[in-house]
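Student: I am new to this structure and would like a close look at its nonpolar core. Could you walk me through that part and then show me how the rest fits around it?

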Amino acid sequence: MKKYVLDLTVVSVERIHARYVLIRLTDTKPLPEMLPGQFVEVRVDSSPSTFLRRPISINYVDRVKNQLWLLVATVGDGTRALATLQPGAVLNCVLPLGNGFTPAASGQKVLLVGGGVGVAPLLYMGAQMREQGLEPTFLLGARTNEDLLMLDEFKKYGRVYVTTEDGSAGEKGFVTNHSILQQEQFSRISTCGPTPMMKAVARLAREKGIDCEVSLENLMACGLGACLCCVEKTTEGNLCVCKEGPVFNINRLLWQS
């Protein structure tokens, strides 16, 4: 897929949580094709201490409004600077990068499991499935009810189930403890979030014989496979997550089960 370097215009920056903002971007021309699970590399011009671009998952692409949504966790100088952008500001982006989730096939029952900012790529995945006439099932985990992100958006595209560690919303515990996993059989699981969560989901998928893809969040700098800082050990040797991933079938990873 062709890659672009675009100066996108900020439509809005919405603070949806103490630690997260939703940035909506647009362009004078139609946005290029992007796939669920791909990401963009953003240049942060407003932070003098930020020298490298920041990789951010594609949260959603609104073709009607010609908008790209980025869900950003404000964890460092660069991402905190992004949160201060004003409408009309220009954000230089390289996109789309990496390989996305395998498209759902007709009749497949797909479970999309997310935690923290890892829920971001699952919204676009669910929206694409809905366009195909499929109903995705979302299973979203967080520490507390206040940490659950974009629930209203997810509910537009499929069934939404929730776990919280303190039991303040949904079922108490981790995503792998949710009763939906015992009540229903899924054809495939796609997941993104903290590594311990994804490893637990991968173990569950193996036990149940369910095909499973994970979107890795290794530290990335260039986004093009040149700097080698995001290398992951796989059955095919060491691969750059930014170029060969970030989405991998769990059978390609050398994770300990």
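Tutor: Happy to! Let us begin with the core itself. The largest nonpolar core holds 50 residues, and the members that touch the most others are L25, L68 and L82. The element that gives the most to this core is helix α2, residues 120-131, with seven residues. Apart from this core lies another one, made of 31 residues, including V94, I180, M197 and L216. Please keep in mind that you are looking at a predicted model.

Now put L25 in the centre of your view. Setting aside its neighbours within four places in sequence, L25 is in contact with L8, T9, V10 and V11, with N66, Q67, L68 and L70, and with L91 and C93. One of these partners, L68, is itself among the three residues that touch the most other members of the core.

Next, follow helix α2. Nine of its 12 residues are buried, so the helix is largely enclosed by the rest of the structure. The buried ones are A120, P121, L122, L123, Y124, M125, G126, A127 and M129. What do they pack against? The buried residues of α2 pack against the strands β4 (54-62), β5 (67-73), β7 (110-115), β8 and β11 (188-192), and also against helix α3. Just after α2 comes G133, with a positive phi of about 85°.

Two of those partners, β8 and α3, lead us to a backbone detail. The loop between β8 (137-142) and α3 (151-155) contains M150. This residue has a positive phi of about 60°, although it is not a glycine. Most residues other than glycine have a negative phi. Is M150 buried or exposed? With a relative accessibility of 12%, M150 counts as buried, because the cut-off for that is under 20%.

A second residue makes a nice comparison. L228 is not a glycine either, and its phi is positive at about 65°. You will find L228 in the loop between β12 (211-215) and β13 (231-234). L228, however, is exposed, with a relative accessible area of 53%.

While you are in that loop between β12 and β13, look at G223, which also lies there. G223 is buried, with a relative accessible area of 3%. Leaving out neighbours within four places in sequence, its contacts are F39, E41, L97 and C242. The chain also brings G223 and G98 to 7.7 Å from each other, C-alpha to C-alpha, although 125 residues separate them in sequence.

Another place to visit is helix α5, residues 195-208, where A202 is found. A202 counts as buried, at 0% relative accessibility. Beyond its neighbours within four places in sequence, A202 is in contact with C212, I250 and W255. From A202 to T191 the C-alpha distance is 8.8 Å, and the two are 11 residues apart in sequence.

There are also two proline sites worth finding. Most peptide bonds are trans. The bond from L95 to P96, however, is cis, with omega near -15°, and P96 lies in strand β6, residues 90-97. The bond joining G245 and P246 is cis too, with omega of about 5°. P246 has its place in the loop between α6 (241-244) and β15 (247-249).

Finally, step back to see the whole chain. It has six helices and 15 strands. Its C-alpha trace spans about 50 × 40 × 35 Å along the principal axes. For 257 residues, a compact globule would have a radius of gyration near 18 Å, and the chain agrees with this because its own value is 18 Å. Of those 257 residues, 53% count as buried. Among contacts between residues at least 6 apart in sequence, 61% join residues at least 24 apart.

The outside deserves a glance as well. The accessible surface comes to about 11,800 Å², and carbon and sulfur atoms account for 50% of it. The chain carries 27 positive and 25 negative charges, whose mean positions are 2 Å apart.

To return to your starting point, look once more at the core of 50 residues around L25, L68 and L82, and then at α2, which gives it seven residues.

Technical notes: Residues numbered from 1 in each chain as written. Predicted model: local features only at pLDDT ≥ 70, side-chain atom pairs only at ≥ 80, totals over all residues. Heavy atoms only, no water. Helix = DSSP H or I, 4+ residues; strand = E, 2+ residues; numbered from the N terminus. Rg over C-alpha atoms; globule rule 2.2 N^0.38 Å. Buried < 20%, exposed > 50% of the residue type's maximum accessible area, 1.4 Å probe, protein only. Contact = heavy atoms within 4.5 Å. Areas by Shrake-Rupley, 256 points an atom, 1.4 Å probe, with all protein chains shown as cover. Lys, Arg positive; Asp, Glu negative; His and termini not counted. Charge placed at Lys NZ, Arg CZ, Asp CG, Glu CD. Core = buried A, V, L, I, M, F, W, Y, C linked by side-chain atoms within 4.5 Å.
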